[in-house]
Amino acid sequence: MTQQVKHFGTSGEISKLVDQVNAWLNGQEGKIEIVAMSESQGGRIGDEADPFYFSLNVVYRTQEQEV
């Protein structure tokens, strides 16, 4: 199973970030396995000047279908 990364980010409101992550997870219908998660605050690639930027990365892999 190949691991993939899903990036979420927002400026200023952590609640929007949580809503984005929950909506994405609910849309997967149990087809993914979370491998790891990381978070950061204050800046991002290309916009390090935004001190209110929050981000979350979810490392996941899809469930293999049984044949």
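Before we look at anything, one definition: a residue is buried when its relative accessible area is under 20%, exposed when that area is over 50%, and partly exposed in between. With that in hand, glutamate 13 is easy to place: its relative accessible area is 37%, so glutamate 13 is partly exposed. Please keep in mind, everyone, that this is a predicted model.

Let me give you the overall layout. The protein chain has 1 helix and 3 strands, and if you walk along the sequence you meet them in the pattern β-α-β-β. There are 67 residues in the protein chain, and 22% of them count as buried. About 5,000 Å² of the protein chain is exposed, with carbon and sulfur atoms supplying 48% of that area. Now for the contacts: taking those in the protein chain with a separation of 6 or more, 65% come from residues 24 or more positions apart.

Next, the charged pairs. Side chains of opposite charge can pair when their charged atoms come close. How many salt bridges does a search of the whole structure find? The search finds 3.

Back to glutamate 13, then. Its side chain meets that of lysine 16 in a salt bridge, at 3.7 Å from N to O. Lysine 16 has a relative accessible area of 44%, so lysine 16 is partly exposed as well.

Another salt bridge joins the side chains of glutamate 29 and lysine 31, with 3.8 Å from N to O. Here glutamate 29 has a relative accessible area of 63%, and therefore glutamate 29 is exposed.

The remaining pair is glutamate 33 with arginine 61, whose side chains form a salt bridge at 3.1 Å, N to O. This pair links distant parts of the chain: glutamate 33 sits in strand S2, residues 32-41, while arginine 61 sits in strand S3, 28 residues away. Glutamate 33, at 29% relative accessible area, is partly exposed, and arginine 61 counts as partly exposed at 22%.

Let's stay in strand S3 for my last stop, valine 59; that strand covers residues 53-62. Is valine 59 buried or exposed? Its relative accessibility is 19%, which is under the 20% cut-off, so valine 59 counts as buried.

And what is valine 59 in contact with, once we leave aside its neighbours within four places in sequence? The list is Gln3, Gln4, Val5, Glu33, Ile34, Val35 and Ala36. You'll recognise Glu33 there, from the salt bridge with arginine 61. One more distance for your notes: valine 59 and serine 38 are 21 residues apart in sequence, and their C-alpha atoms lie 8.5 Å apart in space.

Thanks for listening, everyone!

Conventions:
Residues numbered from 1 in each chain as written. Predicted model: local features only at pLDDT ≥ 70, side-chain atom pairs only at ≥ 80, totals over all residues. Heavy atoms only, no water. Helix = DSSP H or I, 4+ residues; strand = E, 2+ residues; numbered from the N terminus. Buried < 20%, exposed > 50% of the residue type's maximum accessible area, 1.4 Å probe, protein only. Contact = heavy atoms within 4.5 Å. Salt bridge = Lys/Arg side-chain N within 4 Å of Asp/Glu carboxyl O. Areas by Shrake-Rupley, 256 points an atom, 1.4 Å probe, with all protein chains shown as cover.
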